[in-house]
Amino acid sequence: MNAITQDGLAARFEHARTLVLEAGRLAAAMRETLAPIETKSPIDFCTEADHAVERLLRDDLVARFGDGFIGEEGGGEAAAGVWVVDPIDGTAGYIHGTSRWCVSLAFVLNGRIELGLIYAPVEDRLFLARRGHGATLNGKPMRVSGLAHGAAPVVECGWSERRPLAAYCDVLQKLTRDGMEFRRHGSGALGLADVACGRNDAYLELHINAWDALAGLLLVTEAGGWTNDFLAGHGLTEGNLVIAATPQLRERLLAVLS
Ligand code: IPD
């Protein structure tokens with residue numbers, strides 16, 4: 001593959017912003033006639049829509065740009081330029097008919113997240129970020145909260161069976177003791193997007209996969225927030241701890257986790 005220039009990134013961003021809408025609409029349409037559900041674990045599911053949306057994204061992006069592709073359902077290999085995709089993040093919420101699910105699409109170039117796109121079709125919220133160009137929600141620039149609301153900080157805490165429930169409960173207890181509120185809505189990508197737009201003050205999860213996190217992480221940093229170095233080590237292929245926050249909470253959250 002030839003080196004990808006800023007023009008190449010701009011072309012990918014322009015195309016992906018249309019494609020992510022198409023992908024979200026496909027998933028929403030397929031929700032009308034929910035097809036048989038695969039059970040990956042007692043709390044982890046996959047639907048026909050997860051496969052169909054990932055196929056749409058993989059076929060389009062690989063054919064058009066010749067980039068690498070890693071998807072939640074079909075896997076893939078790391079590459080210098082690679083799309084990292086969750087076709088439906090928050091599948092359990094999707095199955096239950098909530099609005100807390102989205103399509104999440106990130107492009108990583110030489111180990112740095114360059115593009116992040118998240119579309120939540122039911123809420124019709126389109127989050128976009130390109131490294132160095134800021135972050136938007138439905139076309140309007142967005143910023144992290146800065147705790148300007150003056151209320152107790154709200155920290156969304158994700159959990160999956162990849163980490164013991166006791167460790168998760170311990171984090172919730174420590175947050176509460178430190179005067180912070182916690183929430184869990186079932187989509188890590190949207191939880192991070194909500195940090196970027198100021199609805200959450202932070203998002204924290206002891207282990208999350210790259211396809212759930214990368215787009216949201218770029219949204220947060222481009223919106224003025226702080227995140228841990230998620231891609232350190234084998235974050236891209238094995239996942240990692242994720243912390244993303246308005247900068248005012250950085251030390252308090254690190255203390256909770258220490
Ligand atoms: C899950 C969600 C959940 C997070 C888990 C993820 P999925 O992804 O993002 O909020 O806590 O770590 O696995 O299975 O809905 O795509």
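The exercises below concern a predicted model and cover two helices, its pockets and cavity, and two loop residues.

**Exercise 1. Compare the span of helix 1 with the value expected from its residue count, then locate its kink.**

Step 1. Helix 1 covers residues 6-31, which is 26 residues.
Step 2. At 1.5 Å a residue the span should be 38 Å, the rise being applied to one less than the number of residues.
Step 3. The end C-alpha atoms of helix 1 are 37 Å apart, so the model agrees with the expected span.
Step 4. Helix 1 nevertheless has a kink of about 25°, and Ala 16 is at its centre.

**Exercise 2. List the buried residues of helix 1 and state what they pack against.**

Step 1. A residue is buried when its relative accessible area is under 20%.
Step 2. In helix 1 this gives Gly 8, Leu 9, Arg 12, Phe 13, His 15, Ala 16, Leu 19, Val 20, Leu 21, Ala 23, Gly 24 and Ala 27.
Step 3. Ala 16 is thus both the centre of the kink and one of the buried residues.
Step 4. The helices packed against these residues are helix 2 (48-65) and helix 3 (91-95).
Step 5. The strands packed against them are strand 4 (81-89), strand 5 (102-109), strand 6 (112-120) and strand 7 (125-130).

**Exercise 3. Repeat the span check for helix 2 and describe its buried residues.**

Step 1. Helix 2 has 18 residues, for which 1.5 Å a residue predicts a span of 26 Å.
Step 2. Its end C-alpha atoms are 26 Å apart, so the two values agree.
Step 3. Its buried residues include the charged side chains Asp 50, Glu 54 and Asp 60, and also Ala 49, Ala 52, Val 53, Leu 57, Leu 61 and Phe 65.
Step 4. Among the elements covering them are helix 1, helix 3, strand 2, strand 3 (68-71), strand 4 and strand 5.

**Exercise 4. Characterise the largest pocket and the second largest pocket by volume and lining.**

Step 1. The largest pocket holds about 600 Å³, and the second largest about 190 Å³.
Step 2. Of the 33 residues lining the largest pocket, Ile 43, Asp 44, Trp 159, Ser 160 and Gly 186 lie nearest its centre.
Step 3. The lining of the largest pocket divides into 8 nonpolar, 12 polar and 13 charged residues.
Step 4. For the second largest pocket the division is 5 nonpolar, 4 polar and 3 charged.
Step 5. Helix 6 (210-222) supplies at least two residues to the largest pocket and gives the second largest pocket its largest share, 3 residues.

**Exercise 5. How many cavities of 30 Å³ or more does the whole structure contain, and what lines the largest?**

Step 1. The search finds 1 such cavity, with about 30 Å³ of space.
Step 2. Its lining consists of Gly 158, Trp 159, Ser 160, Arg 163, Glu 205, Leu 206 and His 207.
Step 3. By class these are 2 nonpolar, 3 polar and 2 charged residues.
Step 4. Trp 159 and Ser 160 line this cavity and also belong to the lining of the largest pocket.

**Exercise 6. Place Asp 124 and Leu 147 in the fold and classify their exposure.**

Step 1. Asp 124 has a positive phi near 50° and sits in the loop between strand 6 and strand 7.
Step 2. Its relative accessibility is 44%, so Asp 124 counts as partly exposed.
Step 3. Leu 147, with a positive phi of about 60°, is in the loop between strand 9 (140-141) and strand 10 (154-157).
Step 4. Its relative accessibility is 23%, so Leu 147 also counts as partly exposed.

Conventions
Residues are numbered from 1 along each chain as its sequence is written. This is a predicted model: local features need pLDDT of at least 70, side-chain atom pairs count only at pLDDT 80 or more; totals for chains, interfaces and linings use all residues. Side-chain values use heavy atoms; hydrogens and water are left out. On a 1 Å grid over the protein atoms alone, a cavity is a set of points where a 1.4 Å probe fits but cannot get out, and a pocket is an open set with protein on both sides within 12 Å along at least five of seven lines; lining residues have an atom within 4 Å of a point. Grid points are joined across faces, edges and corners, and a volume is the space filled by probe spheres set on the points. Helices (H or I, at least four residues) and strands (E, at least two) are DSSP runs, numbered from the N terminus. The bend at a residue is the angle between axes fitted to the seven residues ending there and the seven starting there. Buried means under 20% relative accessible area, exposed over 50%, partly exposed in between (1.4 Å probe, protein chains only). Contact means heavy atoms within 4.5 Å.
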